[in-house]
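Trainee: Could you go through this one with me? I'd like to talk about its side chains and how they pair up.
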Amino acid sequence: MAFTDIDVRGPRFGAAVTTAVLALVLVTGNVWLLAWQTLAFALGAAGGVGRSPYGLLFRRVIRPRLGPPTEFEPPQPPRFAQAVGLVFAGFGLVGYSLGPDWLGLAATGAALAAAFLNAVFGYCLGCETYLLLRRVTAPAE
């Protein structure tokens with residue numbers, strides 16, 4: 001484990017909360033709730049998942065009630081995933097606020113699908129994309 005590696009349960013918890021928030025957005029069309037989620041993605045992308053609202057909640061409230069972590073991951077892939085979520089949530093905000101409505105629904109639905117995969121199955125699409133991009137852009141040896 002590297003010094004900066006993070007507990008894998010934190011991003012997965014954040015994905016579960018994100019799943020609930022985005023599902024509520026799709027059901028209600030509440031642009032303010034989507035704005036909140038967009039802010040949460042922005043904070044996670046800028047400062048890392050530990051600095052997002054859901055990461056702070058995990059670290060301060062949830063993690064102390066769990067056993068010690070057994071799995072760790074580098075913080076860069078989840079941080080990249082937060083940036084991808086930010087892009088989709090941003091497009092969702094545009095769609096819900098300015099139109100077309102289908103853009104809001106599609107972008108929010110895509111973000112929801114990715115969050116759901118991470119929350120339920122532990123499969124982070126943004127993380128996998130980050131790793132793929134690293135392999136593709138790595139200099140040949």
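Trainee: Okay, starting somewhere specific, is Phe121 buried or exposed?
Mentor: Keeping in mind that this is a predicted model, Phe121 counts as exposed, because its relative accessibility comes to 58%.
Trainee: And which residue does Phe121 form an aromatic pair with?
Mentor: Phe121 pairs with Phe116 in an edge-to-face arrangement, where the centres are 6.2 Å apart and the planes make an angle of 80°. Phe116, for its part, counts as partly exposed, with a relative accessibility of 40%.
Trainee: How many aromatic pairs are there in the whole structure?
Mentor: A search of the whole structure turns up four aromatic pairs. One of them joins Phe80 and Tyr130, and that pair is tilted, with 5.7 Å from centre to centre and 50° between the planes.
Trainee: Where do Phe80 and Tyr130 lie?
Mentor: Phe80 belongs to helix α4, which covers residues 76-98, while Tyr130 belongs to helix α6, which covers residues 125-137, so their pairing ties together parts that are 50 residues apart in sequence.
Trainee: Is Tyr130 buried or exposed?
Mentor: Tyr130 is buried, since its relative accessible area is 17% and the cut-off for buried is under 20%. Phe80, on the other hand, counts as partly exposed at 26% relative accessibility.
Trainee: Switching to charges now, how many salt bridges does the structure hold?
Mentor: There are two salt bridges in the structure. In one, Asp7 pairs with Arg9, and the closest N and O atoms are 2.7 Å apart. In the other, Asp7 pairs with Arg63, and there the closest N and O atoms are 3.6 Å apart.
Trainee: Asp7 came up twice there, so which residues are linked in a network of salt bridges?
Mentor: The network links Asp7, Arg9 and Arg63.
Trainee: What about sequence, how many residues apart are the parts that Arg63 and Asp7 tie together?
Mentor: Those parts are 56 residues apart in sequence, because Arg63 sits in the loop between α3 (53-62) and β2 (72-73), whereas Asp7 sits in strand β1, made up of residues 6-7.
Trainee: Last thing, is Asp7 buried or exposed?
Mentor: Asp7 is buried, with a relative accessible area of 6%. Its two partners are described in other terms: Arg9 is partly exposed, with a relative accessible area of 26%, and Arg63 is partly exposed as well, with a value of 32%.

Definitions and conventions: Residues are numbered from 1 along each chain as its sequence is written. This is a predicted model: local features need pLDDT of at least 70, side-chain atom pairs count only at pLDDT 80 or more; totals for chains, interfaces and linings use all residues. Side-chain values use heavy atoms; hydrogens and water are left out. Rings of Phe, Tyr and Trp (its six-membered ring) pair if their centres lie within 6.5 Å; planes under 30 degrees apart count as stacked, over 60 as edge-to-face and the rest as tilted. Helices (H or I, at least four residues) and strands (E, at least two) are DSSP runs, numbered from the N terminus. Buried means under 20% relative accessible area, exposed over 50%, partly exposed in between (1.4 Å probe, protein chains only). A salt bridge is a side-chain nitrogen of Lys or Arg within 4 Å of a carboxyl oxygen of Asp or Glu.
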